[in-house]
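Visitor: I have a new structure on my screen. Could you walk me through it?
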Amino acid sequence: MSITAANVNGIADAQSPYPAYVQDQQNIYVSGQVAFDDDGNIVGEGDPAKQTEVAIDRLARVLAAAGSDLDHVVSTTVYLTSADFGSEMNRVWRKKFGQHRPARATVIAGLLDDRLMVEITAIAVAFTKDSE
């Protein structure tokens, strides 16, 4: 079984202790995505809806680099720093994922930077255009 780990320009770099994603023949495992811009600056400080939007957009970029997309996400874990952010996160979630509903766990947890409010990990099905 071949396993590939990769970074994505603007998402994770060679200095990061972990890759943006790991892929085997069947799945893509996306590392936690947070509200960073391409230069590593936090976006949407104090705004859980904006941070959710940015994290999902980054997730979509990682999946695109791996040859997949949000429609092929089968499972996610969302980390929120407060249960109070759940409704705002869900509103953005529905907008970004549309009718697609991957399995999801939502966990209340501290994140590595106090200004971050949302982090999202995902597992997606690996596919090629030929397999669709």
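The questions below go from the sheet to the helices, then to the pocket and the salt bridges.

Visitor: In what order do the strands of the sheet lie?
Guide: First, a caution: this is a predicted model. Six strands form an open sheet, and their pairing is mixed. On average, neighbouring strands are turned by 10° against each other, direction ignored. The order is β1-β2-β3-β6-β4-β5.

Visitor: Which strands are the edge strands?
Guide: Look for strands that pair on one side only. One covers residues 4-6, the other 103-108. They are β1 and β5.

Visitor: Do β4 and β5 pair in the parallel or the antiparallel sense?
Guide: Strand β4 spans residues 73-80. Within this pairing, T76 has R104 in β5 as its bridge partner. V78 stands opposite T106. There are six bridges, and the sense is parallel.

Visitor: What is the bridge partner of V78 in β6?
Guide: β4 also pairs with β6. This pairing is antiparallel and runs over seven bridges. In β6, the partner of V78 is I120.

Visitor: Which strands does helix α1 touch?
Guide: Helix α1 covers residues 48-65 and packs on the sheet. Its direction makes about 30° with that of β6. The strands touched by α1 are β2, β3, β4 and β6.

Visitor: What angle does helix α2 make with β4?
Guide: Helix α2, residues 86-97, packs on the sheet too. It touches β4, β5 and β6. Its direction and that of β4 make an angle of about 155°.

Visitor: Which residues lie nearest the centre of the largest pocket?
Guide: The largest pocket has a volume of about 460 Å³. Its lining has 25 residues. They divide into eleven nonpolar, seven polar and seven charged. Nearest the centre are I11, S16, Y18, F36 and R58.

Visitor: How many residues apart are D38 and R61?
Guide: A search of the whole structure finds three salt bridges. One of them joins the side chains of D38 and R61, at 2.7 Å from N to O. D38 sits in the loop between β3 and α1, while R61 is in helix α1. The pair links distant parts of the chain, and the separation is 23 residues.

How values were computed. Residues are numbered from 1 along each chain as its sequence is written. This is a predicted model: local features need pLDDT of at least 70, side-chain atom pairs count only at pLDDT 80 or more; totals for chains, interfaces and linings use all residues. Side-chain values use heavy atoms; hydrogens and water are left out. Two strands pair if DSSP finds at least two bridges between them. Helices (H or I, at least four residues) and strands (E, at least two) are DSSP runs, numbered from the N terminus. Axes are lines fitted to C-alpha atoms, for helices over the stretch in contact, and angles run from 0 to 180 degrees between N-to-C directions. Contact means heavy atoms within 4.5 Å. On a 1 Å grid over the protein atoms alone, a cavity is a set of points where a 1.4 Å probe fits but cannot get out, and a pocket is an open set with protein on both sides within 12 Å along at least five of seven lines; lining residues have an atom within 4 Å of a point. Grid points are joined across faces, edges and corners, and a volume is the space filled by probe spheres set on the points. Ala, Val, Leu, Ile, Met, Phe, Trp, Tyr, Cys and Pro count as nonpolar, Asp, Glu, Lys and Arg as charged, and the others, Gly among them, as polar. A salt bridge is a side-chain nitrogen of Lys or Arg within 4 Å of a carboxyl oxygen of Asp or Glu.
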